[in-house]
Each structure stands twice: as structure tokens, then as C-alpha cells.
Amino acid sequence: MTPHLQIEDVSVTYGAVRALNRLSIHAAKGETVALIGPNGAGKSSLLLAIAGVVPLRSGAVRLEGRDLAGQEPEQRVGLGISLVPETRDVFKKLSTHENLLIGASRRRLTRAQMQADADRIYALFPRLAERHNHMAGFLSGGEQQMLAIGRALMAEPGLLMLDEPSLGLAPVVTDAVYAAIATLRDQGTTILLVEQNAARAFSVCDRAYLMQAGQVIEEGSAETLSARGSVESVLFGRSAPAKELRP
Ligand SMILES: Nc1ncnc2c1ncn2[C@@H]1O[C@H](COP(=O)(O)OP(=O)(O)OP(=O)(O)O)[C@@H](O)[C@H]1O
């Protein structure tokens, strides 16, 4: 069966820096796939390349078999690809609700449809409902992360890419964000999740790739990778008891 997303032999360079080196991964429709690796492994570059924000030096990005070469980032959003970057960009001077509506601006919706979609986001993140009228710039870091995810969801993506969604968040806020990710997974969204917090990623993913220096060095289920102690050696250059990394 054709994978939902297929990355074939992709290389990305920034001048003399090679961020991705002939990397290949795939995700089936509805699968949640984690990308785990240390700083500089190329995780963000991979998401940016899929979103069309950074160009490929070689290789191909395919969505449901279709080569996305030449598709601009906006066109890729139209094809169902949404990226929530590490910077969790929100329009700071607009309200929470306005930020959500902007997320749906490419879809031709009536006001009632837009409100219904926003209500679904509020159900996913009740905290945003409480803050619907607040200016986004005054939200906490965790609320801004929820809003960035909510805005991406308003585009109704088939493929949602999340770059370090737990970064800098308190554990209780991370719990809320991961509960939402689990709900999206259960609803059948294909998710590509970049995390340094392997235990969190393993709590929701079907499969993970371990990345280092722009390449995949191992792939498998959370159980397999935990049992092998692979994550510790990739992230910290050492081996540790597998149970430490179980969620
Ligand atoms: N805009 C850029 N210009 C030059 N080099 C870059 C740029 N962005 C990333 N790099 C380099 O590309 C390599 C991969 O970086 P990337 O941010 O994709 O890794 P990462 O795994 O996401 O790391 P992090 O967790 O720190 O974000 C690194 O060597 C990084 O310094």
C-alpha cells in the first residue's frame, strides 16, 4: 500500500552544512511516527523540507505517492500538510479566536462551519475556550503551544507535523498537549512528532526513527527501541536500563 508520506533519499544543505544526508522515512495513513535525536540531528530540517520551507538538494518527498517537487509551502498546506514549528508562531496581537479562524482561511467555510471547527478545538483544549477573547501575545507558553496546534488543526490537515511540542512546558501542560495529540491520533490524523523527550514521544507513537547527523540510525516500535537501549546511546552517547525511558 502507498504510504501517506514517503521521504526518499532526501538531502538538505545550508551552504557547507549538510543537515540531512540521504535520509528515507515513511508514515502510513493514520500512523504516529516520532523522530528522536540530539540537537543538530536534522529533525527540524526534515519537517521544514516536508513543508516546502527549505529546498531539497536531492531526493523526493511524496504525499500519497505524489512527488511534491515544485509545490510551494502554501500549496502543501492546501494538500493537507500542517507544521507547528518549534517557535510555535501565533499572531500575538490577535485574539485566540481570531488566530484559530486564520488557520481555516484557506478553506471555504461558512461562519457556522468555522465556529463549529473552532468549537472542536476548544473541546480539545478547554484552556483555549477560557482564553478565546485574550490577545495571543498575553497567553502563557503552554497556551500558545495549544493555540499553535489548534490553528494548524483548523486547516484540517491529513498530516500534522509537531516540532518539540513539549519544549519548555511544565509537566502538567505537557500532559494536556499530549492528551490532545493522543486524541488526534485516535481520530486518524497522520502525525510526525519531533521530540527530545523520548518517553513522551513513546507514550503516543506507533513507531520511531532515531536520527543522528542527518541520517536515520535505527527504526522500530517504542518497545523495541526501549528494550535495545538505543535512545540513550543516540541522545546521550551511553547505555542505560530500558525501563528508565518507559512512559
Ligand atoms: N538556517 C540554517 N543555516 C545554517 N545551518 C543550519 C540552519 N538550520 C539548521 N542548520 C544546521 O543544520 C543541522 C541540522 O539542524 P536542525 O535544526 O535540523 O537539527 P535538529 O535535530 O532539529 O536540532 P534542534 O533540536 O537543535 O532543533 C545543524 O548542524 C544545524 O546547525
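The following conversation concerns a predicted model, its sheet, its ligand and two of its helices.

Q: Let us begin with the sheet. What is the order of its strands?
A: The model is predicted. Its open sheet of 4 strands runs in the order β2-β1-β4-β5, and the pairing is antiparallel.

Q: Which strands stand at the edges?
A: Those are β2 and β5 (66-67). Each has a single partner strand, so one side of each is left without a neighbour in the sheet.

Q: And how many bridges join β1 and β2?
A: Strand β1 (residues 5-14) pairs with β2 over 7 bridges, in the antiparallel sense. Within this pair, Tyr14 stands opposite Val17 in β2.

Q: Which strands does α1 touch?
A: Helix α1 packs on the sheet and touches β1, β2 and β4 (58-63). The direction of α1 makes about 70 degrees with that of β2.

Q: Is α1 mostly covered or exposed?
A: Helix α1 is mostly covered, with 7 of its 9 residues buried. The buried residues are Lys43, Ser44, Ser45, Leu46, Leu47, Ala49 and Ile50.

Q: What comes just after α1?
A: Gly52 follows, with a positive phi of about 85 degrees.

Q: Turning to the ligand, which residues surround it?
A: The ligand is surrounded by Tyr14, Val17, Ala19, Gly37, Asn39, Gly40, Ala41, Gly42, Lys43, Ser44 and Ser45. Tyr14 and Val17, which stand opposite each other, are thus named again here.

Q: Where does the largest share of that shell come from?
A: It comes from α1, which gives 3 residues. Both β2 (17-27) and α1 (43-51) supply at least two residues of the shell. Lys43, Ser44 and Ser45 belong to the shell, and these residues of α1 are also buried.

Q: How do the shell residues divide by class?
A: The shell around the ligand has 4 nonpolar, 6 polar and 1 charged residues.

Q: A change of topic: how are two packed helices described?
A: The description uses the angle between their axes and the distance between the axes.

Q: At what angle do α3 and α6 cross, then?
A: The axes of helix α3 (residues 96-103) and helix α6 (residues 141-153) cross at roughly 35 degrees and come within 7 Å. Their crossing is right-handed.

Q: Which residues meet there?
A: From α3, Thr96, Asn99, Leu100, Ile102 and Gly103 take part, and they meet Leu147, Gly150, Arg151 and Ala152 in α6. By class, this contact has 4 nonpolar, 4 polar and 1 charged residues.

Methods
Residues numbered from 1 in each chain as written. Predicted model: local features only at pLDDT ≥ 70, side-chain atom pairs only at ≥ 80, totals over all residues. Axes fitted to C-alpha atoms, helices over the stretch in contact; angles between N-to-C directions. Left-handed = near helix turned anticlockwise from the far one by under 90°. Contact = placed C-beta atoms within 7 Å. Nonpolar A, V, L, I, M, F, W, Y, C, P; charged D, E, K, R; others polar. Near = placed C-beta within 6 Å. Pairing = 2+ DSSP bridges. Buried ≥ 20, exposed ≤ 12 C-beta atoms within 10 Å, placed from the backbone.
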